[in-house]
Amino acid sequence: MTSAAPWTARLALVAGAMAVVILLLFAGARSVVLVAVGVGGTAVTLAGVWWTLVHRGPVRALAAVLAVAAPVAVLVLYALAGLLWVVLVSLALWVLAVASGRFALAEETGPRRPKERRVAPPERPFLIMNPRSGGGKVDRLGLREKAEALGARVAVLDPDRPDPVDGVVGLARRAVEEGADLLGVAGGDGTQALVAGVAAERGVPFVVIPAGTRNHFALDLGLDRDDPSACLEALTDGVELRVDLGFIGDRVFVNNASFGAYAAVVQSPAYRDDKVRTTLQLLPDLLTHETGPDLVVRAGELVMDRPQAVLVSNNPYRAGDPAGLGRRERLDSGVLGVLGITVESATQAAGLLRGRNAPGLVSATAGDVAVEAREPAVPVGVDGEPLTLRTPLRCHIAPGALRVRVPRHRPGVPLGRPAMDWHRVRRLALTTVRTAAGRGPHRSRLRRVRVPRASLPVRSLPVRSLPVCSLPVCSLPVRSLPVRRETEGPGVGRPLDPATLRPEERDATAGHPVVEEQFGDAVHRLHHAGTATGRVVATGHTGVGSAILTVSSDRGLRVRQRTPPAPPPS
């Protein structure tokens, strides 16, 4: 956790409180009406979008007008009430609060770097390059020449003759049989998946060169998609990662496999020529189940009946990305991500306001996913490639199946933003982060050991003149001190430096005369040193007998009498 995380959490709490205060201060009781009007307008907008997608002709036009008019009407109502600026300022503060809170939570968790190991450069690398991918990036960036200069053997696919799947797979298998000790692809995710399957099958490492259009697999590996040639550094100065592979039947996917409406739309021959028109033409029948497959999806105990769209991904997508179009936090969790959408009415469409808690939106993880349908074959999009596969279908994941070689120096995966949790944000805002000498920022956590105090007899002498150690028994009251240990950074588990003690910890022994007066600074170091039961930390003389300071098994402080005090004079 960085030192900025608590301050960002405090900013989130202040901004959130100010958003509510401004709304109540300037709108008063009308603030409830303002919120209700805003939520209602958003729900009407979503319902209008749904009607636009499931109807054609005049009804679609009217629904589109409704979807646009609803938010405009809400703003007009706010302006007529003279509270538009209040709503906008309050909304801006709330957005700032949520953004700051999520950022603070992400900083608290910290980035997770995948396990990697240094490896020797390959001796006979073999790369396959697709000149059609990404608008001709292979030729435009000179990837072939740069790879050959690094000692790689390169096979460029014929741009005038699309190679069938078996052609690319056969090319990769022959290369391994001829002695290649590394396979790589410069192309899109579809070609990457085909060759990655061969690399996993033959146990050789795989290099990803993002020369396609989107290259989501490279994105989640933390590679530089803007400079594909930088990925060639993996051939000379690389590290190796172990990542999972998804399978649909015996076909590999590195990103996802989609079923339902989207898969059916991309199957249309007219889709490539006019995506928007084709989508609007096909969606009404697909969303109302007039056409398209009737799917039943089973993922563990979860059963989805007739969902409009299902996305099965190689590792789940981030929680803040319900559409499954963003990043995955990791590629080695060993589970599939499952996202399903079932919307049967405008009411359910408006319910999507609840995000991942919406009844029509299902998000889960599973090791295996079964897809069944009444039809003998269904359209499927596998890493963006339109296919038609026979049912029933089974998706599963192979944990750690692929060895991926990546450059040692690469951008990495940006820190994800977890879902907002006000309880965690409040707790983080109350956290004090200090810097220990030579260790960098860390968060202090205290564990107080409570030990019952022994009762002091007061028969022999008056209370005011009673020495603390003049006890008829051999033990003195136990003073409970906090135990502080490193919880983050390179020194996890080690005791903290005494120099980092907070004032309240320095005063932890106040009121215990023997510890305070006789043992001095030893007290401030003892709960950072030693763990052995009964370890002697310091000795001293109380004036009425000698005493010893020890660390007990529960790391509390104990002052014990070594020699009995002399009897008081008669």
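**Exercise 1. Find out how many cavities of 30 Å³ or more the whole structure holds, and describe the lining of the largest cavity.**

Solution. Start with the count: searching the whole structure turns up 2 cavities of 30 Å³ or more. Keep in mind as you work that this is a predicted model.

Next, take the volume. The largest cavity holds about 60 Å³ of space.

Now list the residues around the largest cavity. Its lining is made of Gly260, Ala261, Ala264, Leu286, His289, Thr291, Gly292, Pro293, Pro307 and Gln308.

Finally, sort the lining by class. You should arrive at 5 nonpolar and 5 polar residues, with no charged ones.

**Exercise 2. Work out how helix 1 and helix 2 are oriented to each other, and which residues make their contact.**

Solution. First locate the two elements: helix 1 covers residues 4-27 and helix 2 covers residues 30-54. Their axes come within 8 Å and cross at roughly 120°.

Then classify the angle. Roughly perpendicular runs from 65 to 115 degrees and roughly antiparallel begins over 145, so helix 1 and helix 2 are oblique to each other.

Now look at who touches whom. Helix 1 brings Leu23, Leu24, Phe26 and Ala27 to the contact, while helix 2 brings Arg30, Ser31, Leu34 and Val35. By class, this contact of helix 1 with helix 2 has 6 nonpolar residues, 1 polar and 1 charged.

**Exercise 3. Describe the second largest pocket: its volume, its lining and the helix that gives the largest share.**

Solution. Begin with the volume, which is about 620 Å³ for the second largest pocket.

Move on to the lining. It counts 22 residues, and those closest to the centre of the pocket are Val35, Gly38, Tyr78, Val87 and Leu91.

Assign the lining to elements. Helix 1, helix 2, helix 3 (57-80) and helix 4 (84-109) each give two or more residues. Helix 2 supplies the largest share, with 7 residues.

To finish, check the chemistry: the lining of this pocket has 17 nonpolar and 5 polar residues and no charged ones.

**Exercise 4. Place His396 in its element and name its contacts.**

Solution. Find the element: His396 sits in strand 17 (residues 393-407).

Look for side-chain partners. The side chains of His396 and Arg394 are joined by a polar contact of 3.3 Å.

Then set aside neighbours within four places in sequence. His396 is in contact with Leu245, Gly246, Phe247, Gly249, Leu336, Gly367 and Asp368.

**Exercise 5. Inspect the backbone at Pro392 and Arg306.**

Solution. Recall the background: most residues other than glycine have a negative phi, and most peptide bonds are trans.

Check the bond leading into Pro392. From Thr391 to Pro392 the peptide bond is cis, with omega near -5°. Pro392 belongs to the loop between strand 16 (385-390) and strand 17.

Turn to Arg306. This residue is not a glycine, yet its phi is positive, at about 55°. Arg306 lies in the loop that links strand 10 (302-305) and strand 11 (309-314).

Definitions and conventions:
Residues are numbered from 1 along each chain as its sequence is written. This is a predicted model: local features need pLDDT of at least 70, side-chain atom pairs count only at pLDDT 80 or more; totals for chains, interfaces and linings use all residues. Side-chain values use heavy atoms; hydrogens and water are left out. On a 1 Å grid over the protein atoms alone, a cavity is a set of points where a 1.4 Å probe fits but cannot get out, and a pocket is an open set with protein on both sides within 12 Å along at least five of seven lines; lining residues have an atom within 4 Å of a point. Grid points are joined across faces, edges and corners, and a volume is the space filled by probe spheres set on the points. Ala, Val, Leu, Ile, Met, Phe, Trp, Tyr, Cys and Pro count as nonpolar, Asp, Glu, Lys and Arg as charged, and the others, Gly among them, as polar. Axes are lines fitted to C-alpha atoms, for helices over the stretch in contact, and angles run from 0 to 180 degrees between N-to-C directions. Helices (H or I, at least four residues) and strands (E, at least two) are DSSP runs, numbered from the N terminus. Angles under 35 degrees count as roughly parallel, over 145 as roughly antiparallel, 65 to 115 as roughly perpendicular and the rest as oblique. Contact means heavy atoms within 4.5 Å. A polar contact is a pair of N or O atoms within 3.5 Å; within protein, one must be able to donate a hydrogen and the other to accept it, and residues adjacent in sequence count only if both atoms are side-chain atoms.
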